[in-house]
Amino acid sequence: GRVWGAFLGTDGYLVQVFCNTTGAYSADYLVYLFDANTKEAKLLDFEYFEQEKNKKIKRKVTQKPVGVSFDPSAQVITLSDRYFGASQCGWEAKYKVVNRKAQLVGMRAEWNCEPGTDYDKWKKVNLGVLRKTLKN
């Protein structure tokens, strides 16, 4: 697969490995944190929230995230899973690496696919409320 990397802080690298395409808008990846001091790589876990078919929101964790991008200047990893028709629904999550772990710091979503909303108008998800409500 394709491999891409970027500096993360002064002694680390974020390494993104393309796995496969999952649909019209997304692809699966593996994302590693490489420590330049120890020369060790760690596969990162990513927490996110998804609405299931029964309309309940569920907390999920994956090591094979979709739609990965990285902003080296802000040191932010973004995952984006868009689906249905013209990408009018799905979710986007933002992460910072804290203590060698990907920490979810923001998320926005549009889970109602009919009619759905333009990607740039998806609403912010209140992570504090979700985490407290779901407790899993």
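Me: Which residue in strand 10 is the bridge partner of Glu-92?

Reply: That's Arg-108. Before we go on, this is a predicted model, with pLDDT of at least 70 needed for local features and 80 or more for side-chain atom pairs, while totals for chains, interfaces and linings use all residues. Residues are numbered from 1 along each chain as its sequence is written, and side-chain values use heavy atoms, leaving out hydrogens and water.

Me: What joins strand 9 and strand 10, and in which sense do they pair?

Reply: Strands of a sheet pair through backbone hydrogen bonds, parallel or antiparallel. A strand here is a DSSP run of E with at least two residues, numbered from the N terminus, and two strands pair if DSSP finds at least two bridges between them. Strand 9 and strand 10 have nine bridges and pair in the antiparallel sense. They also make a hairpin with two residues between them.

Me: What order do the strands of the five-stranded sheet take?

Reply: The order is 7-8-9-10-11, in an open sheet with antiparallel pairing. Strand 7 (68-71) and strand 11 (123-124) are at the edges with a single partner strand each, so one side of each has no neighbour in the sheet.

Me: How many bridges join strand 10 to strand 11?

Reply: Two bridges, and the strands run antiparallel. Look for Ala-109 opposite Lys-123 and Arg-108 opposite Lys-124. Arg-108 is thus a name you meet twice, since Glu-92 is its partner too.

Me: Where is the cis peptide bond?

Reply: Most peptide bonds are trans, and most residues other than glycine have a negative phi. Here, a cis bond joins Glu-114 and Pro-115, with omega about 10 degrees. Pro-115 sits in the loop between strand 10 and strand 11.

Me: Which residue in the turn between strand 9 and strand 10 has a positive phi?

Reply: Asn-99, at about 50 degrees, although it isn't a glycine. Asn-99 has a relative accessible area of 71%, so it counts as exposed; the cut-offs are over 50% for exposed, under 20% for buried and partly exposed in between, using a 1.4 Å probe and protein chains only. Lys-55, in the loop between strand 5 (46-51) and strand 6 (57-62), has a positive phi of about 75 degrees and is exposed at 57%. Lys-39 takes a positive phi near 65 degrees in the hairpin of strand 3 and strand 4, which has four residues between the strands.

Me: How many bridges join strand 3 to strand 4?

Reply: Four, with the strands running antiparallel. Leu-33 stands opposite Lys-42 there.

Me: Is Leu-44 buried or exposed?

Reply: In soluble globular proteins, nonpolar side chains tend to be buried together. Leu-44 is buried, at 1% relative accessibility, in the loop between strand 4 and strand 5. Among its contacts (heavy atoms within 4.5 Å) beyond four places in sequence are Leu-14, Leu-33, Ile-77 and Val-97.

Me: Which residues touch the most other members of the largest nonpolar core?

Reply: A nonpolar core is a set of buried Ala, Val, Leu, Ile, Met, Phe, Trp, Tyr and Cys residues joined through side-chain atoms within 4.5 Å. The largest one has 28 residues, and Leu-44, Phe-46, Ile-77, Trp-91, Tyr-95 and Met-107 touch the most other members. Ile-77 has contacts far along the chain, beyond four places in sequence, including Leu-14, Leu-44, Phe-46 and Tyr-95.

Me: Which residues lie nearest the centre of the largest pocket?

Reply: A pocket is an open set of points on a 1 Å grid over the protein atoms alone, where a 1.4 Å probe fits, with protein on both sides within 12 Å along at least five of seven lines; lining residues have an atom within 4 Å of a point. This one has 13 lining residues, with Leu-8, Asp-11, Leu-33, Val-97 and Arg-100 nearest its centre. Strand 3 (27-35) and strand 9 (89-98) each supply at least two lining residues.

Me: Is Asn-20 buried, partly exposed or exposed?

Reply: Asn-20 is partly exposed, at 33%. Asn-20 lies in strand 2 (residues 12-21) and touches Ala-27 and Asp-28, not counting residues up to four places away in sequence.
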